[in-house]
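Hello,

Here is the structure I promised to pass on to you. Please open it alongside this email, and I will then go through what turned up.

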Amino acid sequence: MDWYMMNCELLATCSALGYLEGDVYHREPDCLESVKDLIRYLRHEDETRDVRQQLGAAQILQNDLLPILVQYPQDKVLFDAVIRLMVNLTQPALLCFGKVPADATSRHHFLQVLSYLQAYKEAFASEKVFVVLSEKLYNLLQLDWEQRQEEDMLLIERILLLVRNVLHVPPDPAEEQQGVDGDASVHDRVLWALHISGMDDLLKFLASAQVEQQWALHVLEIISLMFRDQSPEELAALGQGTAGAEHGEDTRELETLRQRELAEKRTRALQRTSRHSRFGGSYVLQGLKSIGDRDVVFHKGLHNLKSYSHDLGKEPRRVPRRRQAAPESEPSRRSARNVRLFLRHFCQDFLQGCYNRLMLLVKDQLVREKAQQHDETYYLWATAFFMAFNRCHGFRPELVSETVGVRAFHFIEQNLTNYYEMALIDKKEATTWARRMHLALKAYQELLRTVQEMDRSPEQAVRDSSQVIKSNIFYLMEYRELFLALFRKFDESKQPRSFLRDLVETAHLFLHMLERFCRGRANLVVQSKRVRRKKKKPRVPAAPAQPSAAELEQLWEELAPQLQACLEGEVPLPEDVVPFDAASETPVEEQRAEALLRIQECLRGSLLPQALRLLRSAREVWPEGDVFGATDAGPPEETQLLREILLAPLPSEFPSEEEEDEEEEEEEQTVQVAEKEFNFLDYLKRFACAPVVRALVLLLRGYARNSPRTNHCAARLLHRLARQLHMEPLLFQLSLFALFHRLLSDPAAAAYQELVALAKFILGKFFALAATNKKAFVELLFWKSPATVYEMTKGYSSLQEGEGSTRSRVPPWTPQEEQELRELYWKYKEVEGGDIIAAILAQLPTPGRTRKQVVKQLVRMGLASSAKDFPRERKGTNIVLWTQEQEEELTRLFEEFQGSDDVLGNIMKHLTARRSRARVVEKLLGLGLVAERKELYKKRRRKSQGPGPGQAATGVPAMPAQHSSGEDEDSEEDEDEDEDEAEEGPMEEHWVPEEGAGQDLAQHLHQEGLAGPLRWLENCLRRVAGDREEDGVSHPVPLVPLTEENEDAMEDRRFQTLLRQLGLRPPASEQESFWRIPAALTPQQLRRAAASIAHHGPPGAPQDLPEPPRCPQDVAAAEPQPAGLGSDSESEEPVPVPVPSPVQPRSKRRRELANEDEDGGSSGTEPAPAAPCSKEDEEDEDPQPRGRRKRIRCLEEEEEED
């Protein structure tokens, strides 16, 4: 923009600032007012940022503002105003426009503003400017908090923002293309000026000072911009070793290029003929067809035959913009050596004195949501960068202890999952979310590398800490499923190849660490989660209380005179009453019940004219069945009918029937958490899928540009799938074979020995399989699944006989079955009033077909347009009122089946008139036969292997335990409604043991060597009985076994049978680990139960000994809550109840609970060392489930034997 095209007022304001004469700037008297006017103009600029563009074209910042800043720093008011104006002028272009504009005009303005910002950044590459800023910031930081004014705080923040804005300006692409590595760019000159002025020392002071916590995010943002173009590995390697070692990677790259160039020269030399021929000749390529049926005629020399392709001369296919590969982020550029040395020293000082404290403050602000949106990206970048620098530069884990631990893994995994989900939801900003996801992935990768480096540490405490971290990470399912989700949802149009590179390297590292962790551990237990989907009916709100019969009789007596007046015509009846809703989706024929309900509501609301009109109108609409009276009904019949409707117990709402469509049912999802033994090969099999192989092939296409580490990780993953899983056909894909062909013909193939070996191995396996399976060549065109691999090697019909993963597939329809289905459809199509699908299912010769399969096949064959052509028949709406005979029948059936297990089910089977379960339940409640619905629940019986010893002897039924059987937990998803309600019935809470229950079983257990656990159980029961008598309060008390003998007894099936006979309750859910003494048992019942299991020895032996006196420790432990039963055995001293703590020694098992993530010391300067224990014994603070405790005990017994 030309200077003379500026706005007149803006031009006058700029002229009033002053003028530059040589190196001296002379300010005008109205300089301060002019600066304030410019700030006011910027505040009111339009969406094209015209004021900003005019000031940039006039170079106001370079020619006026910076000289004023340098020469008049003592004028506090003017200095403050100039800083405010420069912060506004240098703010990022994305902040001005909100986003990169899509239209050409707005994008032009955006690029214009960006060019002015790049000119500003070059002007700031001056030591004088940063010296003034550093001195001003230093003077402000010298002030105590009591002496600082609000203006001082604002000025500190504006100086930090100005430095941030200058460093944030992106480089000029033209300058980057012209320069080479090692040259000083504009960014390097700015960094050098910042270093010479001492600004870097002030930043380190702000990051480490206790009183400057509020600037933590500003400092971290500036530091991230300082190291924007740097690589932590290169900075760490700078200055270590000779110059040849520093440039070793460059030397290897040059050697690879040199080998490729020499090979190409040799190839061209071999292609040259000894004698030049004017005529190249024409050749026929046999076996290669042209457009027609003839062979291709080749008109060039034979030395050009290898480069022949059918695509020669064709225009390349244009790729749509939405499918183009995502652009790569800014490549790392090697700065000048002096700048890199300064940044290296900065990293060392920052790690030693600032890193842990700054990261703690930043994370606290992020967790408490005190930061701005997406500020966590700076935290993720700092985690990845400085941990990589520390790992490559003498690795000291205490310098990065704040970001090493389970909490750090959890924080990064949460953000990574959030970015992943947002990238799937917010399609327009998917590229932005992918960049954030890449930052989180690099931080996660660096955490894994740091933990791997801790395993190699010479210090035992550091190695123990790494074992604790790995046991927690590998135990949780979220960390194991993360890479599978990222592989499956990888989209090259949204995520760059650098993201795929880091994903492959991180997945390879995770698998390598997990495989090593599994070695030497026979039974590694991990957490697993399963989502259980269960269809349930939508809950119907509880109906209001129905009036009693006496109240309804009294109401009828009050309404009788008014009704007589309406019948005699004294009161006019309304004319606009319609008994049905024409706009409702329910057909008119099925709205009879709703009409009855409306008549009853009008009667109970004393609206007799409306009720009578509704009755007569409904009689005209639904004359069949005389539900609303006969057609010629007179006033007496109408009076009697209205009285019956008033007194009838009609439901206030009509819930959906059980026979309704599945689409009208809700779906309930519950997550079940359990533990299982981990198998590494089973986990690796989940990577054997097409998305993972496709991503690896995409990465290897650029093997020449990849680093040796990247090629190794990709080749190793493919080798795991092919060799460890024996799934070589998974890699039989044409695009991968084309890559192998290009690799094997590459002159520099010697530099990729690992990839060459993999290619030869896969090709050899393919040709061996092709010798027996001729369809293998066709299979090259498709990505394969494990089922396809099995069929390729074992035979294509091997999985269709009920084996493998196809056993749950729907059996295909044969031509004969399709013909039979077509004939049955045309046969029953013309039958009116019947269910076509039900008739077809009854006549189909092939058993096992479902209604849904038949409907889908009819639609697929074109006999029906959609599944809506076959609606299900709605039942239960034809009969509403109960006759006297039907009520007597219902009463008789209830009395007949009252003692059966399924009262309601038997009544439904034998009921003459078909009604829904809801109607029958309501009628039983209305007749007073049952008091509440739970009396009609189906009584569920546990499936047992046989009667226990106690049951056989005494005949005492076993205690029905809820959720104690795996069959109850893993019940089918489509259970009946009555079974679901039966599960929810609290049966065992009110179950009372009979006197002498379990006595014979206890004697058997005494004889089998369980005398100690029985005495412990007897003491627990007696103590709880005494506590309940003293306190007068009853609540469930857990039985906590503290000895191995008692633990083994609690896991014994016969001992558990005894507990059920005594009335004790097993764990009700995954959150409970111990059996409980129910609150419903009284002290007398508890003493009877304790007496029944007391040992009755031979004649002459002491029997019925008095209860031993309790120790003071027992009384003190029982006062707040009796939560620690199990320590009062006669054979050992009382042991106090253990309280969970970060580290709790146990002499019995010789192990400690060590979890540095849960205690408060994770933010220190050094990771908390774990106690010396075996690798299998690392636990969390929470009580372990029983299965895991048993595994730990077995391992400890093996160690003691060794």
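To start with a small detail, which residue in S4 does Val284 stand opposite? The partner is Val297. Val284 and Val297 belong to a hairpin formed by S3 and S4, with five residues between the two strands. Strand S3 covers residues 283–289 and strand S4 residues 295–298; they run antiparallel and are joined by four bridges.

Before going further, please keep in mind that this is a predicted model.

**The chain as a whole**

There are 1202 residues in the chain, and 45% of them count as buried. The chain has 51 helices and eight strands. Of the contacts with a separation of 6 or more, 73% are between residues 24 or more positions apart. The accessible surface is about 65,000 Å², and carbon and sulfur atoms account for 50% of that.

**The cores**

The largest nonpolar core contains 198 residues. Leu69, Met86, Met226, Phe227, Phe386, Tyr444 and Phe687 have the most contacts inside it. The element that gives the most to this core is helix H24 (residues 497–518), which supplies 12 residues. Apart from this core lies another one of 28 residues, including Leu573, Leu603, Leu612 and Ala618.

Phe227 is a good place to look inside the largest core. Setting aside neighbours within four places in sequence, Phe227 is in contact with Leu235, Leu343, Phe346, Cys347, Trp381 and Phe385.

Helix H24 also holds Thr506. Is this threonine buried or exposed? Thr506 has a relative accessible area of 0%, so it is buried. Not counting residues up to four places away in sequence, Thr506 touches Leu441, Tyr444, Gln445, Leu448 and Phe483.

**Around helix H26**

Helix H26 runs over residues 592–604. Its 13 residues should span 18 Å at 1.5 Å a residue, and the C-alpha atoms at its ends are 19 Å apart, which agrees. The buried residues of H26 are Arg592, Ala593, Ala595, Leu596, Leu597, Ile599, Gln600, Cys602 and Leu603. They pack against helix H25 (549–567), helix H27 (608–621) and helix H28 (635–647). Just after H26 comes Ser606, with a positive phi of about 60°.

One of the residues in helix H25 is Glu553. With a relative accessible area of 29%, Glu553 is partly exposed. Leaving out neighbours within four places in sequence, Glu553 is in contact with Arg643 and Leu647. Glu553 and Leu647 are 94 residues apart along the chain, yet their C-alpha atoms are separated by 7.8 Å.

**A buried arginine in a loop**

Last on my list is Arg148, in the loop between helix H8 (127–142) and helix H9 (150–168). Why does Arg148 count as buried? Its relative accessibility is 8%, and the cut-off for buried is under 20%. The side chain of Arg148 reaches the backbone oxygen of Leu140 at 3.5 Å. Beyond residues up to four places away in sequence, Arg148 touches Leu140, Leu141, Leu143, Met153, Ile156 and Glu212.

Happy browsing, and best wishes

Methods. Residues numbered from 1 in each chain as written. Predicted model: local features only at pLDDT ≥ 70, side-chain atom pairs only at ≥ 80, totals over all residues. Heavy atoms only, no water. Core = buried A, V, L, I, M, F, W, Y, C linked by side-chain atoms within 4.5 Å. Buried < 20%, exposed > 50% of the residue type's maximum accessible area, 1.4 Å probe, protein only. Contact = heavy atoms within 4.5 Å. Expected span 1.5 Å × (residues − 1). Pairing = 2+ DSSP bridges. Areas by Shrake-Rupley, 256 points an atom, 1.4 Å probe, with all protein chains shown as cover. Polar contact = N/O pair within 3.5 Å; in protein donor to acceptor, adjacent residues only side chain to side chain.
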